[in-house]
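Let's take a friendly look at the empty spaces inside a protein. Have the structure ready, and we will explore them one at a time.

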Amino acid sequence: MPTTLTPTRPVLKAGTSWPDAWRRCLAVAPEAFRDDRVLNYWNGEWHADGRVLPATSPVDGSPIAGPPRLDAAAAHRAVRASLDQHRAWRNVPLSERRSRITATLDALAEHRDLLSLLLVWEIGKPWRLATADVDRAIDGVRWYVDHVEEMVEGRVPLAGPVSNIASWNYPMSVLVHAMLVQALAGNAVIAKTPTDGGVSCLTLACALAAREGIPVTLVSGSGGELSEALVRAPEIGCVSFVGGRDTGAAVATAVADLGKRHVLEQEGLNAWGIWNFSDWGKLTATIPKLFDYGKQRCTAYPRFVVQREAFDTFLNAYLPAVRPLRVGHPLAVERPEDPFPELDFGPLINAAKAKELTDLVSEAISRGAVPLHRGELSESLLLPGQDTSAYVAPVTLLGPPASSPLHHAEPFGPVDTIVLVDTEAELLAAMNASNGALVATLSTDDEATFNRLAPQIRAFKIGEGKPRSRGDREELFGGFGASWSGAFVGGELLVRAVTQGPAGERLPGNFPAYQLMP
């Protein structure tokens, strides 16, 4: 009788377990990691203070290091100490600052794989995206090292340190990148670790920076409890925030009341419009890329606004692209020595977010949304018996009801919604549903149509048949409406946002009193 072959179940790639990563952290930066916890870093020293919260990996629900949360009093002490560091650092010559930042970048590059592995376990990024996050941080800051001299000409550092409060999804390419550029420009920098993940990766990165004399402060804690110190304290020269609109609105109110320099990047419903379009092959090739990291990023496209008469053709292009998406454990391989798996995305940030998103989908369907696609997880991409509570397969809904949050807010997960329109006015209204966005795209065959409609779309960056992103190096970034408050960033604007120019200078940005485009 012929032999029946039993499919091989995946195993964990050799050398990539959480204990493996933790042992490497203890070896590389013993000053910052102790036994089973990370330390806070302030006043130039590592402190075993704060109450350590338990944490689990979104990858499989197993325990990992949690944030050591400080109370308000300790945070105020850290901020006051950072001001002392700032007053010394701002007088350090630019040549020396460049040298120290360069040494930091070299150290980050040396430990690139460990930083990436920490991102896999802490926030669930597939290896391809985790390494890209680290590489973008390093390469981006190197560009600033090469160009900062002309950017700071005629400018001086701020009066106090820059306070960074960022979301968990890009610890390196957003948060660490911003911190190092801020320091390069002459400022001491403070960062609060994101509550939902990334504390170990950030701790290792800050340990490498601190060794080179960069004036960093890294603390953990509740945003509500620490906001008085990290946002409202008079010592703070600028607040840089990346996160949701609810928290961002509270921060915006505080900084506006105080007249404090600020950069507040908030979410928006980024939309992709389809109008008089025929290059469906190009769209099919693009769709899988839009699901990178499960659309857990501020420049994801969760909304398609489609001309009704083209809807059938759109589906013929869209569904074949979304059905084969690979969702699984970022470290599961057939044999221990195999390369990292090629995935479109892994888990969401935690089981609570996965449940919230699943409930929103069910609620939208119960109120009239039509499910066009509901993917399934494949056991061949998961470890046997692993916890999958943070995993959500792709979902596509037609016509989310106006009463559903999916109609007007960013889901921050692998859920696409489609709205059908009959006129250009309806197209614009649907694409502008969230009162401002960071990016948008319009696909149309007619250049004149794009040129006429694009200025009416309330997004900072608008792609012509292709996605837009934050960008790197000289590319500028900002937002319109409720998606952004304060100074725009990217390129020279990031340095201008954290330095003082001539008296009366109006920075490009979206402020309560004015909006000024670069």
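## The largest cavity

In this predicted model, the largest cavity holds about 360 Å³ of space. Rolling a probe the size of a water molecule over the atoms is what reveals where empty space is left.

Which residues should you look for if you want to find its centre? Val-174, His-177, Arg-470, Val-489 and Leu-494 lie nearest to the centre, and they belong to a lining of 29 residues.

## Who builds its walls

Several elements of the fold share the work here. The helices α5 (127-151) and α6 (171-184) each supply at least two lining residues, and so do the strands β11 (162-166), β14 (238-243) and β15 (261-266). Which element gives the most to this lining? That is α6, with six residues.

The chemistry of these walls is mixed: 14 of the lining residues are nonpolar, nine are polar and six are charged.

## The second largest cavity

A search of the whole structure turns up two cavities of 30 Å³ or more. The second largest has about 50 Å³ of space. Around it you will find Leu-108, Val-176, Met-179, Leu-180, Ala-205, Cys-206, Ala-209 and Val-216. Two elements, α6 and α7 (199-211), give two or more residues to this lining.

What classes of residue make up this second lining? Eight residues are nonpolar, with no polar and no charged ones.

## Putting it together

As you turn the model, try following α6: this helix gives six residues to the lining of the largest cavity, and it also gives two or more to the lining of the second largest.

How values were computed. Residues numbered from 1 in each chain as written. Predicted model: local features only at pLDDT ≥ 70, side-chain atom pairs only at ≥ 80, totals over all residues. Heavy atoms only, no water. 1 Å grid on protein atoms, 1.4 Å probe; cavity = no way out; pocket = protein on both sides within 12 Å on 5 of 7 lines; lining within 4 Å. Points joined across faces, edges and corners; volume = space filled by probe spheres on them. Helix = DSSP H or I, 4+ residues; strand = E, 2+ residues; numbered from the N terminus. Nonpolar A, V, L, I, M, F, W, Y, C, P; charged D, E, K, R; others polar.
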